[in-house]
Amino acid sequence: MYKFKFRYIDGAFIVAENVREVRYRYGDSVVCVKENDLLTHDYSIYTDMTLIGDNESYRISAKDLRSIEIAK
């Protein structure tokens, strides 16, 4: 499982823990990034994302997003 930290332009941040999958739209497709690729995937800060864990999910807005930090 992975921990994601999203930092926004105003200094606010969102932390999502125990993430096992990330989904986002790319054109007409939905990209699914699974556990083995979560740390090395090239995420865009300009795309809304859904992060999925065992007991929770997060919907992350790309509006004013400045950085994404990922840790195992």
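**Salt bridges and positive phi angles**

A network of salt bridges links Arg20, Glu21, Arg23, Lys34 and Asp54. The model in which this network is found is a predicted one, and a search of the whole structure gives 5 salt bridges. Side chains of opposite charge can pair when their charged atoms come close.

Within the network, glutamate 21 takes part in a salt bridge with arginine 23, in which the closest N and O atoms are 2.6 Å apart. Glutamate 21 has a relative accessible area of 4% and is therefore buried, the limit being under 20%, whereas arginine 23 is partly exposed at 37%. Glutamate 21 also forms a salt bridge with lysine 34, and here the closest N and O atoms are 3.4 Å apart. Because lysine 34 lies in strand β3 (residues 29–34) and glutamate 21 in strand β2, this pair ties together parts that are 13 residues apart in sequence. Lysine 34 itself is partly exposed, with a relative accessibility of 49%.

Another salt bridge joins aspartate 64 to lysine 63, with the closest N and O atoms 3.6 Å apart. Aspartate 64 is partly exposed, with a relative accessible area of 41%, while lysine 63 reaches 61% and is exposed. Aspartate 64 is placed in the loop between β5 (57–60) and β6 (65–71), and its phi is near 65°, a positive value in a residue other than glycine.

A positive phi is also found at asparagine 18, a residue other than glycine, where the angle is near 60°. Asparagine 18 is located in strand β2 (residues 13–26) and is partly exposed, its relative accessible area being 41%.

Terms used. Residues are numbered from 1 along each chain as its sequence is written. This is a predicted model: local features need pLDDT of at least 70, side-chain atom pairs count only at pLDDT 80 or more; totals for chains, interfaces and linings use all residues. Side-chain values use heavy atoms; hydrogens and water are left out. Helices (H or I, at least four residues) and strands (E, at least two) are DSSP runs, numbered from the N terminus. Buried means under 20% relative accessible area, exposed over 50%, partly exposed in between (1.4 Å probe, protein chains only). A salt bridge is a side-chain nitrogen of Lys or Arg within 4 Å of a carboxyl oxygen of Asp or Glu.
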